[in-house]
Amino acid sequence: MKPLILQGHERSITQIKYSREGDLLFSSSKDGKPNVWYSLNGERLGTFIGHQGVVWCIDVDWTTTKFMSGAGDNTFKVWDCETGKETGHIETSSSVRACMFSYSANMAVYATDRAMKQPCELFIIDVRTIDSSFQHQKPILRIPITADDSRVSSLLWDNLDETVITGHENGEISQWDLKTGKKINSVKEHDNLINDMQWNKDATMFITASKDHTARLFDAETLMLLKTYKTERPVNSAAISPILEHVVLGGGQEAMEVTTTSSRAGKFDSRFFHLVFEEEFGRVKGHFGPINSVAFHPDGKSYASGGEDGYVRIHNFDSSYFEYNFDY
């Protein structure tokens, strides 16, 4: 399994996302310049230039016409995918930590950090009104995250456009009703920061990756814990295969401690677990630091990982991967 190595960022990768067809791969990093690549050959298609600080989160709509990014320079920007031009931006009171389009892509949600005496808040905006007034547009819904709740570190938009699910710094997962702006459900299965949340193919379940060394699978409607995948290091990202009952976990020890260990001891490999049996059956090495983001290609035949080393690696699975059967 020889990887394609995409080298276009100067600092560590924060998030990677495939377009719905999987022909394009978007990546963001701490250098403040999100990139877009052809996933087939790893060629760089372009760069979105405009942010002045670390880009924490990105998302692309299902028609691959709009792209959005939230950054540490206290801005949230929407871009045209075809031209790479910025079509709208919103100034925020603190850095934007998580963002996502609704399924229809008419609306978007983003979450701001609790910092500089500013509270953590969720904003729902209408993306269809992008023009010169977009910057001063009032959000459709504004949900303040009170001091009792810890800050939002990741989020998902339910595919029926009814709820938003947020993962918090203290390991809590909350469900918010978009009609009323009220919290309707909350569970606390993790003991530490939730780094990443991703849907399965039909958005009936989602997987969370946490600093407490586990990834967990939840039911989307009830937030019931279904499965737990345990490792011996923080998990930064986890994704569910669209065609097989497999999940991939990416992580590694804290970035601050990386210089003190060899890459063998740091455990910087992607790890594959069976979705149902919670058993690990494979590892893929390659990165020189913790893996910060993983994503399966929509056809399930390859996956990508972005690491602290600034590289994005695309791995196409060998035929043996698809022939592998669990004995049960």
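Helices (H or I, at least four residues) and strands (E, at least two) are DSSP runs, numbered from the N terminus. This is a predicted model, where local features need pLDDT of at least 70, side-chain atom pairs count only at pLDDT 80 or more, and totals for chains, interfaces and linings use all residues. Residues are numbered from 1 along each chain as its sequence is written, and side-chain values use heavy atoms, with hydrogens and water left out.

**Exercise 1. Find Ala105 and Ser102, and work out whether each is buried or exposed.**

Step 1: Start with location. Ala105 sits in the loop between β10 and β11, and Ser102 is in the loop between β10 and β11 too.

Step 2: Now check accessibility. Buried means under 20% relative accessible area, exposed over 50%, and partly exposed in between (1.4 Å probe, protein chains only). Ala105 has a relative accessible area of 4%, so it is buried. Ser102, at 4% relative accessibility, counts as buried as well.

Step 3: Look at the backbone of Ala105. Its phi is near 65°, a positive value in a residue other than glycine.

Step 4: See what Ser102 meets. Its side chain makes a polar contact with the side chain of Ser104, at 3.2 Å. (A polar contact is a pair of N or O atoms within 3.5 Å; within protein, one must be able to donate a hydrogen and the other to accept it, and residues adjacent in sequence count only if both atoms are side-chain atoms.) Leaving aside residues up to four places away in sequence, Ser102 touches Met107, Ala108, Trp157 and Asp161. Contact here means heavy atoms within 4.5 Å.

**Exercise 2. Which residues touch the most other members of the largest nonpolar core, and which strand gives the largest share?**

Step 1: Get the term straight. A nonpolar core is a set of buried Ala, Val, Leu, Ile, Met, Phe, Trp, Tyr and Cys residues joined through side-chain atoms within 4.5 Å.

Step 2: Pick out the well-connected members. The largest core has 28 residues, and Val109, Leu122, Leu155, Ile165, Ile173, Trp199 and Phe206 touch the most other members.

Step 3: Trace the strands. Those supplying at least two residues each include β10 (96-101), β11 (107-112), β14 (152-157) and β16 (172-177). The largest share, four residues, comes from β14.

Step 4: Zoom in on Ile173. Not counting residues up to four places away in sequence, its contacts include Ile165, Val187, Phe206, Phe218 and Leu223.

Step 5: Follow that last contact. Leu223 lies in the loop between β20 (214-219) and β21 (225-230). With a relative accessible area of 1%, Leu223 is buried, and it has a positive phi of about 60° although it is not a glycine.

Step 6: Don't miss the other core. A second, separate one of 14 residues includes Cys57, Val78, Cys99 and Ala105.

**Exercise 3. Describe the surroundings of strand β3 (residues 24-29).**

Step 1: Count the buried residues. Six of the six are buried, so β3 is largely enclosed by the rest of the structure. Leu24, Phe26 and Ser28 point one way, while Leu25, Ser27 and Ser29 point the other way.

Step 2: Find the partners. Two strands pair if DSSP finds at least two bridges between them. Strand β2 (residues 13-18) runs antiparallel to β3, with five bridges joining them, and β4 (residues 35-38) is joined to β3 by four bridges, also antiparallel.

Step 3: Use Ser27 as a landmark. Ser27 is the bridge partner of Ile16, and in β4 the partner of Ser27 is Asn35.

Step 4: Inspect the turns. The β2 and β3 hairpin has five residues between its strands, with Gly22 in the turn at a positive phi of about 90°. The β3 and β4 hairpin also has five residues between the strands, and there Gly32 takes a positive phi near 80°.

**Exercise 4. How many disulfides are there?**

Step 1: Apply the rule. A disulfide is a pair of cysteine sulfur atoms within 2.5 Å, and the count comes to zero.

Step 2: Check Cys81. Its sulfur is 13 Å from the closest cysteine sulfur, in Cys99, which is too far for a bond.

Step 3: Check Cys99. The nearest cysteine sulfur, that of Cys57, is 3.3 Å away, and Cys99 is in no disulfide. Cys99 is buried, with a relative accessible area of 5%.
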